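Welcome! Please take a moment to look over the sequence and the model below, and then use the notes that follow as a guided tour.

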Amino acid sequence: MSKKKIIFNVIFFIVVTGLTIFYLISSNVITSIKEIGKVHWWGFILIVGILFSYVSLDCFIIYRNMKQIKPESNYGQAYGLYFMGNLGSNVTPWKSAHFPMIGYYLKKKGFNTEENISVMATNQMIYSTILPVLYTIFFIYSIIRNQTLMVGDLNVPLFIFCLVGIITNVGYFTALMLMMYNLRFQAFILKIEVKILKKFKKEFDPNSFTVEKQKKMEIYKISANRMWSNFKYNIPSYIAYVLFMLLSFGLPYIIYLVITQNGFKIEEYMYCFLLCQASSYVTNIIPSPGGIGTAEFSFLTVFQAFMGDAVNLAVILYRSTTFLFLVLIDFIFFTIFLMKNTLERKKEIDGKNLNNSFKNE
């Protein structure tokens with residue numbers, strides 16, 4: 001990443017954070033912090049426990065994909081990859097540093113470029129396989145139950161968000177399959193990409209870009225073939241991702257129960273899952289780092305009617321846990337990781353210098 005991009009990202013992050021704080025203060029959300037004392041200690045443990053449960057499920061999928069390529073891979077490396085990717089996603093617009101951070105981490109762990117791409121490709125394909133199925137189930141449920149979202153005077157059917165999820169994920173998966181297995185379609189898409197990039201990039205080599213993309217699609221194809229031929233191996237990963245979605249999209253409801261101390265109701269959970277899906281789409285439209293500003297606004301807008309007075313404290317707990325707390329862990333891991341790499345590199349250099357001194361003698 002160039003210095004200009006880093007400076008732009010830092011300035012953008014500071015400006016968006018400042019505007020978010022101003023919005024939360026003007027909306028009287030910040031004043032709800034004083035109500036945190038009303039939440040029982042076990043409530044905080046439950047919230048953090050669910051957070052680490054679904055993070056661990058995602059790491060479980062990553063671990064199994066890494067192990068297929070390098071059998072000596074361990075579960076701790078999967079956590080490392082998750083923390084690095086999550087940090088990259090949350091500090092840059094459009095999550096632009098997500099894949100570079102993952103690539104950097106895997107390279108340091110001994111994965112070459114092909115193996116690196118293969119791990120990420122398998123992750124993406126598992127997610128894209130499960131999401132349409134899950135969204136279809138909730139699509140049917142939302143129609144049967146006639147679930148809607150009140151935004152001001154507007155009553156929005158929640159099946160629309162499920163439909164968007166189905167279309168986007170099926171569309172992405174279909175396009176990816178065609179790119180891998182249909183060379184004509186691949187060439188057509190690459191031509192379009194080249195034309196677009198020529199207009200926006202001053203220094204752009206169409207030939208090297210095309211060759212790199214073709215190599216990448218070939219690695220994706222090998223990864224896909226490995227998935228289809230070893231379907232049984234990936235069943236635990238599919239189950240893990242379903243559980244990941246149910247826990248991560250259900251967390252706002254658990255936070256609501258912790259605040260209100262109401263009893264769990266499956267129909268309320270299902271409704272909150274749909275609301276969380278709607279909120280996530282609004283958040284992802286605007287490219288603020290970590291969803292700063294947009295996540296808070298969409299949460300308050302979407303959950304206001306359901307949570308009532310509890311919504312302000314709920315958004316504080318939700319964002320403090322899923323964003324601030326998790327990014328802090330990401331940053332601590334990243335700092336330790338860099339320090340370890342620096343020390344290892346220093347040892348290597350010192351060792352080489354020592355060997356050279358012996359040779360000279």
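E193 and K213 join their side chains in a salt bridge, with 3.6 Å from N to O. E193 sits in helix α7 (residues 183-200) and K213 in helix α8 (residues 206-229), so this pair ties together parts that are 20 residues apart in sequence. Please keep in mind that this is a predicted model. The structure holds three salt bridges, and the bullets below start with them.

**Salt bridges**

- E193 is partly exposed, with a relative accessible area of 22%.
- Its partner K213 also counts as partly exposed, at 22% relative accessibility.
- Another salt bridge is formed by K70 and E115, whose closest N and O atoms are 3.6 Å apart. This pair links distant parts of the chain, 45 residues apart: K70 belongs to the loop between α2 (41-69) and α3 (75-90), while E115 belongs to helix α5.
- Are K70 and E115 buried or exposed? K70 has a relative accessible area of 16%, so K70 is buried. E115 counts as buried at 18% relative accessibility, because buried means under 20%.
- R319 forms a salt bridge with E296, and here the closest N and O atoms are 2.7 Å apart. R319 lies in helix α13 and E296 in helix α12 (residues 294-307), so the two tie together parts that are 23 residues apart in sequence.
- Both R319 and E296 are buried.

**T321 in helix α13**

- T321 is a residue of helix α13, which covers residues 311-360.
- With 9% relative accessibility, T321 counts as buried.
- Which backbone oxygen does the side chain of T321 reach? The side chain of T321 reaches the backbone oxygen of L317, at 2.7 Å.
- Not counting residues up to four places away in sequence, T321 touches I47, L51 and L326.

**K67 in helix α2**

- K67 lies in helix α2 and is partly exposed, with a relative accessible area of 31%.
- The side chain of K67 reaches the backbone oxygen of P71 at 2.9 Å.
- Leaving aside neighbours within four places in sequence, K67 is in contact with S73 and Y233.
- To get a feel for distances in the model, try locating K67 and I192: their C-alpha atoms are separated by 36 Å, and the two residues are 125 residues apart along the chain.

**Helix α11**

- How does the span of helix α11 (residues 266-285) agree with what its 20 residues should give? At 1.5 Å a residue, the helix should span 28 Å, and its end C-alpha atoms are 29 Å apart, which agrees.
- Helix α11 has a run of buried residues to look for: Y269, M270, Y271, C272, F273, L274, L275, C276, Q277, A278 and S279 are among them. T283 is also one of the buried residues of α11.

**Two residues with a positive phi**

- Most residues other than glycine have a negative phi.
- N146 has a positive phi of about 55 degrees although it is not a glycine. You can find N146 in the loop between α5 (113-144) and β1 (148-151).
- N146 is exposed, with a relative accessible area of 60%.
- Q261 is not a glycine either, yet Q261 has a positive phi of about 60 degrees. Look for Q261 in the loop between α10 (251-260) and α11.
- Q261 counts as partly exposed at 47% relative accessibility, because partly exposed covers the range between the 20% limit for buried and the 50% limit for exposed.

**A nonpolar patch on the surface**

- Which residues make the nonpolar surface patch of about 330 Å²? The patch is made by I21, I25, I30 and I33.
- I21 is found in helix α1, residues 3-26.
- I21 is partly exposed, with a relative accessible area of 45%.

Notes
Residues are numbered from 1 along each chain as its sequence is written. This is a predicted model: local features need pLDDT of at least 70, side-chain atom pairs count only at pLDDT 80 or more; totals for chains, interfaces and linings use all residues. Side-chain values use heavy atoms; hydrogens and water are left out. Helices (H or I, at least four residues) and strands (E, at least two) are DSSP runs, numbered from the N terminus. The expected span of a helix is 1.5 Å times one less than its number of residues. Buried means under 20% relative accessible area, exposed over 50%, partly exposed in between (1.4 Å probe, protein chains only). A polar contact is a pair of N or O atoms within 3.5 Å; within protein, one must be able to donate a hydrogen and the other to accept it, and residues adjacent in sequence count only if both atoms are side-chain atoms. Contact means heavy atoms within 4.5 Å. Patches are made of residues with over 30% relative accessible area and no salt bridge: like charges are joined within 9 Å, nonpolar side chains (Val, Leu, Ile, Met, Phe, Trp, Tyr) within 5 Å. Accessible areas come from the Shrake-Rupley method with a 1.4 Å probe; for residues, only the protein chains shown count as cover. A salt bridge is a side-chain nitrogen of Lys or Arg within 4 Å of a carboxyl oxygen of Asp or Glu.
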